[in-house]
Amino acid sequence: MSKIICKICSHYCTLKEGQIGFCGVNKNVDGKLVCLVYGYPNAIQIDPIEKKPLYNFLPHTNTFSIGTVGCNFRCPFCQNYTLSQTSNYQKKEYFEPEKIISLALYYKCKSISYTYNEPTIFYPYIKDIAKLAHKKGLKNIMVSNGFMSKEVTKEIPNYIDAVNLDIKCFNKEYYKKNLKGDLDIILENAANLKKSGLHLEITTLVIPDLNDSYEEIQNIAKFIKSNLGTDTPWHLSAFHPDYKMLSTPNTPVKSLKKAYKIAKEVGLDNVYLGNI
Ligand code: SF4
């Protein structure tokens, strides 16, 4: 029985023969790691790039967006939980990388976005699509929680041109206990991705009483300023009740405006309010 360690994300799951990892989609099959959702996206859509959100990369263009099922996080406020918190993937239609490229070109998109659920978990699929995309002049975008492994973080700039990365809060315990991630790893990955020269934008879903305190917003802003640069775009998005947080109200516009003011006081140049 050969055990393997999956090195796709920072969970580094040890998988026994036949075992599937925490994300629900990577499996040890005969001692080899198999990404079960390779070729089986559950969501395909053409979106304006601003919807990712990316505001300072290929503006006013459409991006061919794909996502699968599964996630390496367990956020109780997930706004896409029907995809992320299931491992039940569609097996009816296989989309080989070539097919994704020809659809993206057919619909006159300028880029392909790996989005909706956490794309890191289907990285083997991304890599194959991204290589072909570059040959055809298409850019590649990841919309990610930033919890990729060290190895994948190092590789990403070879294939990916822009990343929108979430900093969900600035509370280490909350990240560990409730989201099943690690704030320090995410901050380190964000800094390394920025250093690599790819285009980076940050998103924070502002949730009432969870991460909207003056201190927490200020801490995120300070991190961006010191480690990513004042020109790094920061999207402050409004939460709406979803998944396990149905009794939490929508983010009031005044909270977003307060967060915007704090970000400006800290000295960030490009701050945007979203979902309002
Ligand atoms: S992608 Fe992450 S969660 Fe999934 S099996 Fe690999 S290490 Fe585990």
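A helix axis here is a line fitted to the C-alpha atoms over the stretch in contact, and angles run from 0 to 180 degrees between N-to-C directions. Keep in mind that all the views come from a predicted model.

**View A. Helix 6 meets helix 7.** Here we zoom in on residues 183-196 (helix 6) and residues 214-228 (helix 7). Their axes come within 10 Å and cross at roughly 40 degrees. The crossing of this pair, helix 6 and helix 7, is right-handed. On the helix 6 side, look for Leu187, Ala190, Ala191 and Lys194; across from them, helix 7 puts in Phe223, Asn227 and Leu228. Sort the residues of this contact by class and you get five nonpolar, one polar and one charged.

**View B. Helix 7 packs with helix 8.** Helix 7 turns up again, this time with residues 253-266, which form helix 8. The two axes come within 9 Å, crossing at roughly 40 degrees, so helix 7 and helix 8 are oblique to each other. Helix 7 and helix 8 cross in a right-handed way. Helix 7 brings Tyr214, Ile217, Gln218, Ala221, Lys222 and Lys225 to the contact, while helix 8 brings Ala259, Ile262, Ala263 and Val266. That contact splits into seven nonpolar residues, one polar and two charged.

**View C. Helix 2 sits against helix 3.** This one takes us to residues 97-106 (helix 2) and residues 123-135 (helix 3), packed at an angle of about 45 degrees with axes 9 Å apart. With that angle, helix 2 is therefore oblique to helix 3. As for handedness, the crossing of helix 2 and helix 3 is right-handed. Pro97, Glu98, Ile100 and Ile101 of helix 2 do the touching on one side, and Asp128, Ile129, Leu132 and Ala133 of helix 3 on the other. There's no polar residue in this contact: six are nonpolar and two are charged.

**View D. A look around the ligand.** Now for the residues surrounding the ligand. Four cysteines are in the shell, namely Cys6, Cys9, Cys13 and Cys23. Around the ligand you'll also find Ile8, His11, Tyr12, Gly21, Phe22 and Asn26. From further along the chain come Asn72 and Ile121. How does the shell divide by class? Eight of its residues are nonpolar and four are polar, with no charged residues.

Technical notes: Residues numbered from 1 in each chain as written. Predicted model: local features only at pLDDT ≥ 70, side-chain atom pairs only at ≥ 80, totals over all residues. Helix = DSSP H or I, 4+ residues; strand = E, 2+ residues; numbered from the N terminus. Parallel < 35°, antiparallel > 145°, perpendicular 65-115°, else oblique. Left-handed = near helix turned anticlockwise from the far one by under 90°. Contact = placed C-beta atoms within 7 Å. Nonpolar A, V, L, I, M, F, W, Y, C, P; charged D, E, K, R; others polar. Near = placed C-beta within 6 Å.
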